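User: I would like to go through the pockets of this model and the reasoning behind each label. Please keep it brisk.

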Amino acid sequence: MGATKRRLICVGYVSAIAFGIGCAPASQSGAPMTPGIKSEVFANLPNGSPTGQLVELFTLTNAHGIEVKFTNYGGIITSIKTPDRAGHFADIVLGYDNLAGYLASSPYFGAIVGRYANRIARGHFTLDGATYTLAVNNGPNSLHGGLRGFDKVVWTARPFQDREGQGVTLDYLSLDGEEGYPGNLRVAVTYTLTPDDRLIVDYLATTDKATPINLSQHTYWNLAGDASRDILGHVLTINAGAMTPVDSTLIPSGEIVPTAGTPFDFWTPTAIGARIDQKGNVQLQYGNGYDHNFVLNTRGSSVEEPRFAARVTEPTTGRTLEIYTTEPGLQFYSGNFLDGSITGKGGRVYGFRYGLALETQHYPDSPNHPNFPTTVLRPGEKYRSRTVFKFGVTQ
Ligand code: GLA
């Protein structure tokens, strides 16, 4: 480890106290900050508890004061603070103040979802002639990896500094047969915060038996800050001209239909609330709003050059979020299952559509749709995927 690397990384099991040069917490006054990585204990759960391990909370800070917090439980991003156009920082993601909240119940707030993000119809798929059965945990379907998906396991954390920024790699070994999926799957998810206000999420996986795999990040965004109002005024652009329509249980029919002239056309910037309650649109009825996969124009992308997927602008604060990805799909979920029954960080009640998710991924239920891009990973192959979240402001 070089001198620079040593100077910029400081990680320790300390309670909310940063130590070492370069680990001062962001003052959030707009003054340049020293970038750093901090770790603290998020919870130390007794053996026999759902995790039985030490759960840490990491804080990445860049020179502009952008601050990203996440835990190695579920890879959950618990907080992201960015400035509005007046330079005031606020938290732009939904979640809980402590691990107990996530353990009690969470609609995948901020989590890494897998082994298969999104739905697999009736919890069945066939691969190389064998039929596999998964837990059904969402109506008749399997959602986000089953009963104990990647959002509910403890990952091993490795902090680092490299040429792109500073970050932490989270490793997890998903055993053969876990949640019904075949093969020992080694997964690494890396969060890197860059000096130019990008949060890079890298996914890497290998397997010893063929398996479907679809990994995503399930952050709920509310760029107004501190979930102060619903997300219907957020203006969304999606780089897609088609989507995959679903049945009433949100499983794709297999068709790929153009979005032009429908409430799913976000080719030009449009307020999320503008058409969300349009009468007579059966797709919006099934989702109770948006909960659909968009077919991105990301073909030809690479980890070195992920393509533009979506942009969100919040007009009152000026905050913007841009997403770039190597994935072919984007699940846009407008928080339709939020209903005021969850009280999150700082006592905020998360009402109907108070957060939106933009989950870069392969299409839902791909193992049962041969016409969709394949999600099968085979021994000897490397699963590599990158999604970039770029934070900004507009006047
Ligand atoms: C995904 C799904 C939604 C919902 C959320 C979690 O976004 O597509 O239907 O299940 O996860 O509540």
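User: Which element gives the largest share of the lining of the largest pocket?

Analyst: This is a predicted model. The largest share comes from α2, with three residues. Two elements, α2 (99–104) and β24 (329–333), give two or more residues to that lining.

User: What makes Tyr-108 a lining residue of the largest pocket?

Analyst: A lining residue has an atom within 4 Å of a pocket point. Tyr-108 is one of the 34 residues that line the largest pocket, so it has such an atom. Ser-106, Pro-107, Tyr-108, Leu-143 and Tyr-220 are the closest to the pocket centre.

User: How much space lies in the largest pocket?

Analyst: About 590 Å³. That value is the space filled by probe spheres set on the grid points.

User: Why does Tyr-220 count as nonpolar in that lining?

Analyst: Tyr-220 lines the pocket. Tyr is on the nonpolar list, so Tyr-220 falls in that class. By class, the lining has 17 nonpolar, 10 polar and seven charged residues.

User: What is the volume of the second largest pocket, and which residues are closest to its centre?

Analyst: Its volume is about 360 Å³. Of its 23 lining residues, Thr-326, Glu-327, Pro-328, His-362 and Pro-373 are the closest to the centre.

User: Why is Glu-327 called charged but His-362 polar?

Analyst: Glu is among the charged types, and His is on neither the nonpolar nor the charged list, so His counts as polar. The lining of the second largest pocket has nine nonpolar, nine polar and five charged residues.

User: Which element gives the largest share there?

Analyst: β29, with three residues.

Conventions. Residues numbered from 1 in each chain as written. Predicted model: local features only at pLDDT ≥ 70, side-chain atom pairs only at ≥ 80, totals over all residues. Heavy atoms only, no water. 1 Å grid on protein atoms, 1.4 Å probe; cavity = no way out; pocket = protein on both sides within 12 Å on 5 of 7 lines; lining within 4 Å. Helix = DSSP H or I, 4+ residues; strand = E, 2+ residues; numbered from the N terminus.
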